[in-house]
Amino acid sequence: MSLLAQIPHAIAEIPGRRALGRWLLTPAAALGVLLTGYLGVVGLLAFAVATAPGADVDLPALLLVALPGWLAAHQVSLTIDGAPLGVLPLLPTCGLALLVAVAAGALARRLRLRRPDQAWPVIAVFGAVHALAGGALALLVRGPVQALPVDALLSCGLLGTVAATAGLANRCGLIYLVWGRVEAHVWSGLRIGVLALAGALAVGGSVLLLAVLVSAGEMAGVLRGLGGPGAAIGATLLSVLYVPNAVVGSWAFAAGPGLSLGALHVRPVLSTPGPVPDLPLLAVLPAQESSPWWLVVFAAPVALGALVGLAALRVHDDLAPRLLAAGLAAVVVSVGALVAAAVAGGRLGGGDYGPVSLHPGSVGVMTLFWLAVPALLVAWFGEPAATAEESDVPEQRPAEPDDPDADPPDVRPD
């Protein structure tokens with residue numbers, strides 16, 4: 001019996017109404033997500049315009065401006081009056097991805113989808129609808145703001161596909177499918193790596209919070225110098241939208257490569273001062289060269305690597321599986337850090353403030369170094385916590401649920 005046949009499903013396929021519902025509800029849900037995301041961008045822009053001093057809210061113009069704003073929320077690079085804008089806020093992107101994931105999960109529940117072969121059509125529809133919408137908007141948008149249709153098609157399609165996959169991963173057994181096809185210690189390494197990646201983001205957030213607390217006076221000074229409450233509200237809103245970018249940049253700083261903004265290079269070692277735009281969030285960037293106490297940030301990645309090694313001790317009594325799990329977890333975090341650093345940076349016009357680079361290649365390599373070395377050492381010399389391989393991965397297969405509308409049982413290892 002194939003693995004797909006062993007994954008529980010609630011009910012047999014009902015021809016007619018069930019098939020028609022899938023054909024109609026899936027594209028309708030994808031289009032509804034597009035409309036909801038677009039209205040969210042409109043609302044965000046309306047708030048920004050309403051708080052600007054002396055600005056009038058022109059609804060037709062606002063609806064047109066929201067079109068490239070929707071593309072920017074999907075990380076589509078824009079060109080404004082010939083100046084490139086590639087460093088885009090990640091907070092709207094995270095919101096849109098969450099919206100797609102929730103909608104895909106709700107659609108699967110509504111249609112009672114339970115198996116991986118039922119998930120792929122939904123994922124394909126969400127990805128295709130987003131890709132086509134992004135490409136069409138890039139073709140339609142003309143004037144001072146423009147976008148490449150190919151870039152829009154790929155970026156929007158990728159976000160829709162990845163987010164829909166995340167929304168269906170548990171309910172439709174995609175996680176179970178991976179778990180059933182890899183070795184126990186490989187699965188454990190993947191799981192530890194995902195948790196460690198969340199830990200890396202927590203480290204970046206902690207470093208950013210510390211920088212905000214230290215630079216609170218400078219941030220307040222920037223707000224006072226903007227000339228009024230409306231401009232201060234707009235600058236604060238823009239800073240909030242870029243907080244995820246700053247979290248990734250804080251991890252890049254803690255890992256060593258740091259970040260660059262034009263002539264400014266911020267690293268724990270060999271930092272170079274330079275001008276920054278008048279934005280409250282950027283006031284956390286130091287205006288002086290590196291200080292010796294900045295080296296303490298290296299303790300955070302090392303501690304995270306040690307935690308990865310401690311988690312690997314629970315994988316197996318034998319040394320080889322523990323080392324494999326620890327090394328695989330470090331690779332997962334390094335790849336995630338590389339991708340995040342690549343997305344968080346980009347071009348910023350042609351003046352003194354661009355480009356913005358988080359050095360993704362160096363971040364990936366240094367993340368692997370800081371995590372892999374302590375993780376492998378702890379996994380090598382530590383005392384194993386597991387008594388057998390089966391202690392980490394259950395042997396039983398999930399049984400078919402009695403309630404066809406219930407969520408599939410959680411069969412992932414603890």
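Helix α4 covers residues 91–111, 21 residues in total, and in this predicted model its first and last C-alpha atoms sit 30 Å apart, close to the 30 Å expected at 1.5 Å a residue. Quite a bit of α4 is tucked away: Pro92, Thr93, Leu96, Val100, Ala101, Ala103, Ala104, Gly105, Leu107, Ala108 and Leu111 are buried. An α-helix has 3.6 residues a turn, so residues three or four places apart point the same way. Right after α4 comes Arg112, with a positive phi near 60°.

Zooming out, the protein chain folds into 14 helices and six strands. Of its 414 residues, 44% are buried. Among contacts with a separation of 6 or more, 76% link residues 24 or more positions apart. On the outside, the chain exposes about 19900 Å², with carbon and sulfur atoms supplying 71% of that area.

As for the interior, the largest nonpolar core holds 49 residues, and the members touching the most others are Trp251, Leu285, Leu358 and Leu371. At least two residues of this core come from each of α8 (184–214), α11 (243–255), β4 (259–261), β5 (264–266), α12 (299–312), α13 (319–344) and α14 (360–381). Another core, apart from this one, has 39 residues, including Ala72, Leu111, Leu168 and Cys172. Leu111 also turns up among the buried residues of α4.

Two of the well-connected members of the largest core are worth a look. Once neighbours within four places in sequence are set aside, Leu285 is in contact with Leu259, Leu261, Leu264, Val266 and Val276. Leu371, for its part, belongs to helix α14 and counts as buried because its relative accessibility is 0%. Leaving out residues up to four places away in sequence, Leu371 touches Trp251, Pro301, Leu304, Gly305, Ala330 and Val333. Its C-alpha is also 8.8 Å from that of Gly309, although the two residues are 62 apart along the chain.

The surface has a greasy spot of its own. Val331, Val335, Leu338, Val339, Val343 and Leu368 make up a nonpolar patch of about 420 Å². Helix α13 is the main contributor here, giving five residues, and Val339 is located in that helix. With a relative accessibility of 46%, Val339 falls in the partly exposed class, because that class lies between the 20% and 50% cut-offs. Helix α13 thus appears in both settings: it supplies at least two residues to the largest core and gives the most to the nonpolar patch.

Note on methods
Residues numbered from 1 in each chain as written. Predicted model: local features only at pLDDT ≥ 70, side-chain atom pairs only at ≥ 80, totals over all residues. Heavy atoms only, no water. Core = buried A, V, L, I, M, F, W, Y, C linked by side-chain atoms within 4.5 Å. Buried < 20%, exposed > 50% of the residue type's maximum accessible area, 1.4 Å probe, protein only. Helix = DSSP H or I, 4+ residues; strand = E, 2+ residues; numbered from the N terminus. Contact = heavy atoms within 4.5 Å. Patch = residues over 30% accessible without salt bridge, like charges linked within 9 Å, V, L, I, M, F, W, Y side chains within 5 Å. Areas by Shrake-Rupley, 256 points an atom, 1.4 Å probe, with all protein chains shown as cover. Salt bridge = Lys/Arg side-chain N within 4 Å of Asp/Glu carboxyl O. Expected span 1.5 Å × (residues − 1).
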